[in-house]
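Trainee: Got a few minutes to walk me through a structure? I'm new to this one.
Mentor: Sure, let's bring it up on the screen.

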There are 2 protein chains.
Amino acid sequence: MTQNIYDNETFFAGYSQLPRSVHGLDGAPEWPVLRGMLPKLTGKQVLDLGCGFGWFCRFAADEGAASVLGVDVSEKMLERGRRETADSRVTYERADLETYAPPADAFDLAYSSLAFHYIEDLAGLFGRVHAALKPGGGLVCSVEHPIMTAPARQEWLADADGRATWPVNGYHDEGRRVSNWLAEGVVKRHRTTGTYLDLLLGAGFRLEKLAEWAPSPEQVANEPGWAKERERPFFLLIAASRG
Amino acid sequence: MTQNIYDNETFFAGYSQLPRSVHGLDGAPEWPVLRGMLPKLTGKQVLDLGCGFGWFCRFAADEGAASVLGVDVSEKMLERGRRETADSRVTYERADLETYAPPADAFDLAYSSLAFHYIEDLAGLFGRVHAALKPGGGLVCSVEHPIMTAPARQEWLADADGRATWPVNGYHDEGRRVSNWLAEGVVKRHRTTGTYLDLLLGAGFRLEKLAEWAPSPEQVANEPGWAKERERPFFLLIAASRG
């Protein structure tokens with residue numbers, strides 16, 4: 001099964017203090033772009049894969065979704081979700097996305113924020129998600145950008161002019177990456193952008209939009225510390241239809 | 001108009017000595033992957049945008065294409081093409097891709113190798129190419145990968161372990177890049193992968209395949225000097241259908 005780092009106490013404590021954990025969707029700087037890739041949710045059946053604290057589930061319910069199923073492997077996260085983002089239209093379920101099979105032909109939208117880069121068998125998951133969509137349905141998801149997950153050493157360098165420079169190597173060596181983000185030994189899976197698209201198209205999806213997120217100039221004006229995040233692509237945001 | 005660097009004598013002399021100029025398609029290490037993205041060419045009407053010496057035009061004719069139109073801005077390249085890759089089914093035409101409008105509904109395949117990263121108005125070109133395709137037609141093309149075109153200084157660095165590391169910065173600052181490859185002041189246009197896809201989908205294309213090329217382990221075994229090319233993505237290869 002996927003490493004369940006979110007139930008590690010050190011990781012969970014650190015994660016709980018991130019802006020996106022304290023402020024919900026508005027604390028996630030990529031949210032405005034990801035939100036712009038969503039269809040209208042009124043009356044829709046929504047699936048959230050790796051729902052965490054349930055911020056998106058609650059958002060979808062507030063937007064008028066008929067039902068929202070939030071799935072996560074972390075009991076700690078679901079527990080807080082059930083407490084803080086409860087809604088009569090939202091159901092939370094604990095499951096490992098490596099093997100989880102949502103009901104077939106049941107959803108208009110599958111959503112996933114920053115979960116798929118933990119998954120080893122992503123071809124299998126995309127296939128099961130595709131089967132879970134109704135005709136006209138789609139997938140909107142975010143992952144850490146392959147340029148972020150590739151390097152052996154994920155540390156900024158400086159070029160000969162002293163400019164902040166992101167160190168790309170190992171790009172074509174896909175697979176396991178271990179980082180020490182919030183806790184020791186967090187395991188992610190590096191895949192190229194080409195592979196993400198191969199897996200999606202191979203599962204039958206049609207690409208509708210691919211955005212490589214960085215903070216906007218306006219966001220940098222509000223948070224000058226983010227300036228160097230415009231040097232590199234940070235997240236990959238994808239919208240795909242059942243096709 | 002696009003800078004016509006290929007008619008610069010210094011550039012042309014250097015370019016003419018590259019393996020891909022001496023050995024044709026077999027001298028281009030990405031060719032096996034790009035070839036694998038092509039449809040069957042028998043009986044097809046083919047357009048080659050930025051045809052250079054005409055190697056692909058000749059290949060398409062040899063594969064049984066009914067007609068091949070090769071377009072390039074460089075008179076020097078077309079002149080050699082007319083001499084060395086002449087075929088009764090191949091026609092060469094000089095035109096600037098910034099404004100060139102191929103005949104509408106006329107082609108089964110539009111092909112372009114390493115030309116689109118010179119084009120400023122790529123949205124316009126993609127629109128004209130889409131209109132030039134017959135129903136069922138498609139586009140297969142290669143460009144320098146955005147990770148290659150982004151950096152202010154396109155020079156390898158070493159990470160703290162001494163590993164060859166490609167320096168990414170300026171990724172989100174799209175536009176003009178000046179490099180000194182074969183000649184001084186070669187002007188290219190940096191675009192993100194997201195923007196290439198936006199422009200394609202916006203023109204009405206459907207994405208069929210996106211590959212981020214690096215030499216295969218077998219190619220590196222034959223050319224050990226290429227080992228570090230597996231650290232970074234080098235070319236972006238795209239297949240798209242008229243949709």
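Mentor: What follows is a quick tour of a predicted model.

Trainee: Let's begin with the two chains. How does chain B superpose on chain A?
Mentor: A rotation of 180° with 0.0 Å of shift along its axis does it, and the RMSD is 0.0 Å. The two copies are thus related as by a two-fold rotation axis.

Trainee: Which residue of chain B comes closest to the rotation axis?
Mentor: That's Pro167(B), with its C-alpha at 2.7 Å.

Trainee: And through what surface do the copies meet?
Mentor: They meet through the same surface, because 100% of the interface residues of chain B are also interface residues in chain A.

Trainee: OK, moving inside. Which residues touch the most other members in the largest nonpolar core?
Mentor: That core has 64 residues, and the ones with the most contacts to other members are Phe116(A), Leu139(A), Phe205(A), Phe116(B) and Leu139(B). Apart from it there's another core, of 41 residues, including Ala28(A), Leu109(A), Val168(A) and Met148(B).

Trainee: Back to Phe116(A) for a second. What does Phe116(A) touch?
Mentor: Leaving aside residues up to four places away in sequence, Phe116(A) touches Leu49(A), Leu122(A), Leu125(A), Phe126(A), Leu139(A), Cys141(A), Val143(A) and Arg191(A).

Trainee: Can we do a helix next? Which residues of H4 in chain B are buried?
Mentor: H4 of chain B runs over residues 55-62, and Phe56(B), Cys57(B), Phe59(B), Ala60(B) and Ala61(B) are buried there.

Trainee: What covers them?
Mentor: The cover includes helix H3 (31-36) and strands S1 (45-49), S2 (67-72), S3 (90-94) and S4 (107-113), all of chain B. Just after H4(B) you'll also find Gly64(B), which takes a positive phi of about 100°.

Trainee: Which residues other than glycine have a positive phi?
Mentor: Asp105(A) is one of them, with phi near 50°. Asp105(A) is in the loop between strands S3 (90-94) and S4 (107-113) of chain A, and it is partly exposed, with a relative accessible area of 47%. Leu182(B) is another, at about 75°. Look for Leu182(B) in the loop between strands S8 (175-179) and S9 (186-190) of chain B; its relative accessibility is 27%, so it counts as partly exposed.

Trainee: What makes that worth pointing out?
Mentor: Most residues other than glycine have a negative phi.

Trainee: Switching to rings. How many aromatic pairs does the structure hold?
Mentor: There are 34 over all chains. Take Phe12(B) and Phe53(B): their ring centres are 5.9 Å apart and the planes are at 85°, so that pair is edge-to-face.

Trainee: Where do those two sit in the chain?
Mentor: Phe12(B) lies in helix H1 (residues 9-16) of chain B and Phe53(B) in the loop between S1 and H4 of chain B, so the pair ties together parts that are 41 residues apart in sequence. Phe12(B) and Phe53(B) are buried. Another pair is Trp213(B) with Phe234(B), where the centres are 6.2 Å apart and the planes at 85°, so it is edge-to-face as well.

Trainee: Are Trp213(B) and Phe234(B) buried or partly exposed?
Mentor: Trp213(B) counts as buried at 6% relative accessibility, while Phe234(B) is partly exposed, with a relative accessible area of 21%.

Trainee: Which rings in chain A link into a cluster?
Mentor: Ring pairs join Tyr6(A), Phe11(A), Phe12(A), Tyr15(A), Phe53(A), Tyr118(A) and Trp181(A). Phe53(A) also has Arg80(A) over its face, at 3.9 Å from the ring centre. Elsewhere, the charged end of Arg232(A) sits over the ring of Trp166(A), 4.2 Å from its centre.

Trainee: Last topic: how many disulfides over all chains?
Mentor: The count is zero.

Trainee: Why is there no bond between Cys51(B) and Cys57(B)?
Mentor: The sulfur of Cys57(B) is the closest cysteine sulfur to that of Cys51(B), but they are 4.7 Å apart, which is too far for a bond. The cut-off is 2.5 Å between the sulfur atoms. Cys51(B) is buried, with a relative accessible area of 8%.

Trainee: And how far is Cys141(A) from the closest cysteine sulfur?
Mentor: That one is in Cys57(A), 16 Å away, so it is too far for a bond. Cys141(A) counts as buried too, at 3% relative accessibility.

Terms used: Residues numbered from 1 in each chain as written. Chains lettered and ligands numbered in written order. Predicted model: local features only at pLDDT ≥ 70, side-chain atom pairs only at ≥ 80, totals over all residues. Heavy atoms only, no water. Buried < 20%, exposed > 50% of the residue type's maximum accessible area, 1.4 Å probe, protein only. Helix = DSSP H or I, 4+ residues; strand = E, 2+ residues; numbered from the N terminus. Contact = heavy atoms within 4.5 Å. Core = buried A, V, L, I, M, F, W, Y, C linked by side-chain atoms within 4.5 Å. Phe/Tyr/Trp six-rings, centres within 6.5 Å; stacked < 30°, edge-to-face > 60°. Lys NZ or Arg CZ within 6 Å of the ring centre and 35° of its normal. Least-squares fit on C-alpha atoms with pLDDT ≥ 70 in both.
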